[in-house]
Amino acid sequence: MASDNLAPPTLQVDTRLRSPSKSETLVSTASDSFLSPITPVATSCASSDIEDAETALRPDPGTEASFRVDNNPFAFSPGQLNKLFNPKSLAAFRALGGLEGVAAGLQTDIHAGLNADETSAPSSISFQEAVKVRSPSTLRRTQTSVTPHTAANSFEDRGRVYNRNVLPAKKATPLWKLMWNAYNDKVLILLTVAAVISLALGLYETLGVDHPPGSPTPVDWVEGVAICVAIAIVTLVGSLNDWQKERAFIRLSAKKEDREVKVIRSGKSFMISVYDVLVGDVLYLEPGDLVPVDGIFIDGHDLKCDESSATGESDAIKKTAGIAVYRAMESGQSARNLDPFIISGAKVLEGVGTFLCTSVGIHSSFGKIMMSVRTETEPTPLQQKLEGLAMAIAKLGSAAAGLLFFVLLFRFLAGLPGDDRLATEKASSFMDILIVAVTIIVVAVPEGLPLAVTLALAFATTRMLKENNLVRILRACETMGNATAICSDKTGTLTTNKMTVVAGSFGSTSFADLAPQAAPEQSTSAWASKVTSVAKKAIVQSVAINSTAFESEDNGQPVFIGSKTETALLDLAKNHLGLQSLAEVRANEQVVQMFPFDSKRKCMGAVIKLGSTGGHRLLVKGASELVLDYCSMKANFETMTEEPLKEGDSQSLRSTIDQYASRSLRTIGLVYKDFASWPPSSADVTNSGGIEFESLLHDLVFLGLVGIQDPVRPGVPEAVRKAQGAGVVVRMVTGDNSRTAQAIATECGIYTEGGIILEGPEFRRLGEAEVDAILPRLQILARSSPEDKKILVSRLKALGETVAVTGDGTNDAPALKTADIGFSMGISGTEVAKEASSIILMDDNFTSIITALKWGRAVNDAVQKFLQFQITVNITAVLIAFVTAVYDKHMESVLKAVQLLWVNLIMDTFAALALATDPPTEEILNRPPQGKKKPLITTTMWKMIIGQAIYQLVVTFALYFGGGQILKYDLNDTQQKLELNTIIFNTFVWMQIFNEFNNRRLDNKFNIFQGVQRNPFFIVITCLMVGLQIAIIFVGSRAFQINPGGLDGTQWAISILTAIFCLPWAIAVRLFPDSWFATIVSVLGGPFVTVYRILARGWSKLTGAFSKKKTPEIDAEAAVTPTVVVSHSGLREKEEK
């Protein structure tokens, strides 16, 4: 069949002008409220060079496979439909028979959409049949020309031929590759070389040397094997963590991309997952939507798209209906500026409409781009900052290791003349020196720092998702912990966004379902029972026609879907004014033009043709105080005759608006105006030929106003109080008037005595200096535009604030992008807002922002806890290994290489797991946020680091230098010396285990066990470390070079009691004033800092002399020398050039 070939050998395209048919009627029952007359006016770069059909559909090199589909019941292959795009091709559009030809070939209906009950293809249609068809409804399809295909699932044939709207899962990095990447570390490779040499020498001494009869077999090879095993464990643990993290983020990304879109199937509107959209579906387009698939525009009103992300065109592209485009081409009109193409990845800027899906998944334009630009996740700022700190620590460790190596090497060389040992023994001694030096580097290099950040972020983002926070950008998680200001929307965030009409005023009548007021008013039901039929019709007409909401089903119950304000008005009409079927009301009215809601005008409109008089009526609804200004007449509510709107009437209405606003009600005004003809002669015309809405907004007729209640969400006042207690200023930024905003803000606890309330117009008139002066006391910005919100955020950031912003509309995108953390709404938010945000609130609830604040602080705390633990072990392990190796006559460290590697495993991996998974407590909100420039390591942290390092060094050196006298051991006895060394190793490890508890707190409070029962990871990992240490002491003698018999009860008591004393010692450290500590360190640490700077700069110059020439960007980074700056205000890590 034709569609099985790459291109039809002969394409017979019917070039005659189509006769009018029902399929060309632009008013459909499915989407009539969106429609207006379509004129072929558009701007686009779509190709208008009309090629012959065969050339237009010829496969591009490399795409031939998408033109071949076996057993294809449809007229077109995916490849042929792809020829419509990349670039846009009107020639291909014409060759495929225009919109109707494509619809016929895809066996769909441009008005009713796909059949919701479709399983296999309804029938089979050839290419020639599709492109010749005049109306899909009159097409006679062959029922037997396709091989029967058993359909187990819905739309099986359609999914088989055109694929589903999902991209292939990003191929996860295999575990072996992650292990290889983890192993490709210079230090690990250097250590491997040393271990292999040590192993070779050990095996030679064991197998290649004659030993006296009866002597024990040497086990020198065990050390080399143990080092290899330790390297393997470090590599395996690191790679397994990377593997788990990668899988977790793949799952999170899949959740992030999923969203619901509105489609028409079987003539009804449905909300379905974007992954379930199929070729042949008819989809709705509304302002703010991110187009999910490629397609052809069916019909609508004033639709304009931003295709810059897909095509690079920066201008808004106006779309022309596919039927109108084909008609123009067939009649010989110029087609250069016509564009019926809807491209995936584009954003809808204005207008509404429907389009027919032609390509999904990997065949769509957006899918192809996404497949070609898949990139790895970028490191967060905290990760980058820690990597710099890790390099500084590694340089210090390397310097210590280098110094130790040369000191021991000189001693080794100096002793060679009198050394009568065998050559193999001398070589073994030299290898021991090298291994100890390299091991010190391994211990000093804090590989666990990036691991701790990764674990903390992965753990936090996973838990946050369960608490309705979907983190799109990782850096937002850590940034949120330091937020100092939150600018929140009112509707849907602070309130429930479940609008209900609770009060209204129409003519001389009114109703209210609120608590009793000073003047009791009748209920809505009582009021509605007295309304005349003509008045009911006028209200229903206003709220049903002038609306983009639609009727659907939820759990079998009919519901309205759309703007909460519009659904509230529709509920009023349905429950009290006799609205039966929304679709039926719209079908009975002829909609001539729609004016979508605009945030600048604060209103929307629709024009209908009046059947009785032949005239036209403009229906307008919007912010009551604004639409009232447009009115010069009012409607007599009983007879619907027009009467002059007097000054007293206006004052009375404004008083009612203020009264409603004081009760926290949103007020909506309903107005209209009748015209004899359309368009009216007095209307202004836009450049594209449309009617200028603003030119119609005068001398309108006021029908009435309603008050809509949006109650405060449960828990919001408490959440606001917590945020304020955490040092975060909460401001309300809303489009509502100041009275409504003040009422809600007061109820939430945002507005307090002495606070400032500004409205958008007044805010815009202020200069930067004036804005900066009032910002500290500004609590409410009412009647604000999106630009006002962006300016507010910019000024707060300029003052050094870390700003979080919430937004749900397309026009909120600039503010969301400008803010440090942008929160979009998962339920009510547009796709553009979600794309611009860094965190999505899945439940649209303000309390979820406080959850993000807590977890953000938990991430920063986790990294600081680990840092405090890590640097303590770095200092003690390096100094102990250095001093004891230099002191020992055999130049051996008391902590052997394998023992140091075990300690390194504890502090790098286990501690990262344990400390990075502490969930936040409520106490985490009882402190002010850290500023952007606050040091990573605070004065309190340095105090604990140095205090614990002093204790551990004193205990270790006391046992090493005085252990023989204290414990009455004869150190000339090899066995007793081995026992003492085993006690020192055991004590050192237990001090790290107990110190891990100390590091659960970063402040000077004493309760280090608070919340430990809520962190099962910490408990399990601590038990694991204890169990492994006990096992090492009893059965690891050969690998760890400790006493074969382990330790007895007394020796265990010595180890654990001296180690556990670090807990009360930590209390003494916390009692020592921070200011005293800072003063002492600033005096004693000055010379150290100076020496470090000189050495760091010398090292940079030395390495720079041997390195290859780099790009300026890399050189700039290489020239950065991390320095430690000590001051009375605190100790801080920073980088200076």
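This passage describes a mixed sheet, a covered helix, a hairpin, aromatic contacts and some unusual backbone angles in a predicted model. Local features of the model need pLDDT of at least 70, side-chain atom pairs count only at pLDDT 80 or more, and totals for chains, interfaces and linings use all residues. Residues are numbered from 1 along each chain as its sequence is written, and side-chain values use heavy atoms, leaving out hydrogens and water.

Helices (H or I, at least four residues) and strands (E, at least two) are DSSP runs, numbered from the N terminus. Two strands pair if DSSP finds at least two bridges between them. Strands of a sheet pair through backbone hydrogen bonds, either parallel or antiparallel. Here 8 strands form an open sheet with mixed pairing. Their order is β8-β26-β25-β24-β9-β21-β23-β22. β8 (469–471) and β22 (756–759) stand at the edges. Each has a single partner strand, so one side of each lacks a neighbour in the sheet. On average, neighbouring strands of this sheet are turned by 20° against each other, direction ignored. Axes are lines fitted to C-alpha atoms, for helices over the stretch in contact, and angles run from 0 to 180 degrees between N-to-C directions.

At one edge, β8 pairs with β26 (residues 839–841) over 3 bridges, in the antiparallel sense. Asn469 stands opposite Leu841 in β26. Two helices pack on the sheet, where contact means heavy atoms within 4.5 Å. Helix α24 (residues 738–748) touches β21 (729–733), β22 and β23 (778–782). The direction of α24 makes about 140° with that of β23. Helix α27 (residues 786–798) touches β9 (485–488), β21, β23 and β24 (803–807). The direction of α27 makes about 170° with that of β24.

Elsewhere, helix α11 (residues 322–330) is mostly covered. Of its 9 residues, 8 are buried. Buried means under 20% relative accessible area, exposed over 50%, and partly exposed in between (1.4 Å probe, protein chains only). The buried residues of α11 include Ile323, Val325, Tyr326 and Met329. Glu330 is also among them. The buried residues pack against α3 (90–95), α4 (98–105) and β4 (294–306). Gly332 follows α11 and has a positive phi, near 85°.

Strand β10 (residues 500–506) is mostly covered too, with 6 of its 7 residues buried. β10 has an antiparallel pairing with β20 (residues 700–709) over 5 bridges. In that pairing, Ser505 stands opposite Leu705. β10 also runs antiparallel to β11 (residues 509–512), joined by 4 bridges. The bridge partner of Gly504 in β11 is Phe511. β10 and β11 form a hairpin with 2 residues between them. Gly507 in the turn has a positive phi of about 60°.

The next topic is aromatic rings. A pair of aromatic rings is described by the distance of the centres and the angle of the planes. Rings of Phe, Tyr and Trp (its six-membered ring) pair if their centres lie within 6.5 Å; planes under 30 degrees apart count as stacked, over 60 as edge-to-face and the rest as tilted. The whole structure holds 33 aromatic pairs. The ring centres of Tyr960 and Phe961 are 4.9 Å apart and the planes stand at 85°, so this pair is edge-to-face. Tyr960 is buried at 12% relative accessibility, whereas Phe961 is partly exposed at 41%. Phe997 and Phe1009 form a tilted pair, because their planes stand at 50°, with centres 5.6 Å apart. Phe997 lies in helix α33 (residues 974–998), and Phe1009 in the loop between α33 and α34 (1016–1035), so the pair ties together parts that are 12 residues apart in sequence. Phe997 is buried at 16% relative accessibility; Phe1009 is partly exposed at 44%. One aromatic cluster consists of Phe405, Phe406, Phe410, Phe412 and Phe430.

Charges also sit over rings (NZ of Lys or CZ of Arg within 6 Å of the ring centre and within 35 degrees of the ring normal). Lys262 lies over the face of Tyr284, 4.8 Å from the ring centre. The charged end of Arg1000 sits over the ring of Phe1018, 5.3 Å from its centre.

Some backbone angles complete the picture. The Trp678 to Pro679 peptide bond is cis, with omega near 0°. Pro679 is in the loop between β19 (665–675) and β20. Asp699 is in the loop between β19 and β20. Asp699 has a positive phi of about 55°, although it is not a glycine. Asp699 is partly exposed, with a relative accessible area of 42%. Asp844, in the loop between β26 and α30 (847–887), has a positive phi near 55°. Asp844 is buried, with a relative accessible area of 3%.
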